Amino acid sequence: MDTPSPSDTSPIRLVAPDAGYRDSYLEAIREFQGEGRHHDLDLDWLSRDFARYVESLRHPLLTVAMVPYSNLWMVDEEGYAGRVSLRHVLNDHLFRIGGHIGYEVRPSRRRRGYGTAALRLTLPLAAELGIDPALVTCDVDNVGSRRIIEANGGVLENELDGKLRFWVPTGAQASS
């Protein structure tokens, strides 16, 4: 699922997880693990069974939070740049601190506008699901993520459990 229009000038596009991005994905996981994240992903297993792993991402049943969602990958000319999770509905936990949209930019691609572009490209997909506005959250001390959300029209509602909760218009009402 490619989402940008031909006139889109962003450095990234969103695609369904694809085994063709194996090498850049594995590099990204090494970057994340270098900063203490994603140690739950075994690089040896991923290297051997990457196609099976990707297939599980392309057809998720439910998240840990037990709601339907879509996995999307940010890609650029160099390969995998990050991911987006679009949760189709919110349960109580996601309503409090998780939100409809989560994103993660690999360390080597940060501070280049990837997060802002990824959220911008995800908002029309949320609108297609009838979500408007979308709840997007970030940690209180995550200034970069806060700027991404605000750059996409996010309006701060409150702080709850160490998370800032923003409502971001998706345009669903305008397109209805």
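This passage describes the overall make-up of the predicted protein chain, then helix H5 and glutamate 104. In this predicted model, local features need pLDDT of at least 70 and side-chain atom pairs count only at pLDDT 80 or more, whereas totals for chains, interfaces and linings use all residues. Residues are numbered from 1 along each chain as its sequence is written, and side-chain values use heavy atoms, with hydrogens and water left out.

The protein chain contains seven helices and seven strands, taken as DSSP runs numbered from the N terminus (helices H or I, at least four residues; strands E, at least two). From the N terminus on, these elements follow the order β-α-α-α-β-β-α-β-α-β-α-β-β-α. Of the 176 residues, 45% are buried, that is, under 20% relative accessible area with a 1.4 Å probe, protein chains only.

Helix H5 comprises the 15 residues 114–128, for which a span of 21 Å is expected at 1.5 Å a residue, and its end C-alpha atoms lie 22 Å apart, which agrees; the expected span is 1.5 Å times one less than the number of residues. Eleven of the 15 residues in H5 are buried, so that the helix is mostly covered, and among them are Tyr114, Leu119 and Leu125. Just after H5, glycine 130 adopts a positive phi of about 85 degrees.

Glutamate 104 belongs to strand E4 (residues 101–105) and is buried, at a relative accessible area of 6%. The side chain of glutamate 104 makes a polar contact with that of histidine 38 at 2.8 Å, such a contact being a pair of N or O atoms within 3.5 Å, of which, within protein, one must be able to donate a hydrogen and the other to accept it, while residues adjacent in sequence count only if both atoms are side-chain atoms.

Terms used. Buried means under 20% relative accessible area, exposed over 50%, partly exposed in between (1.4 Å probe, protein chains only).
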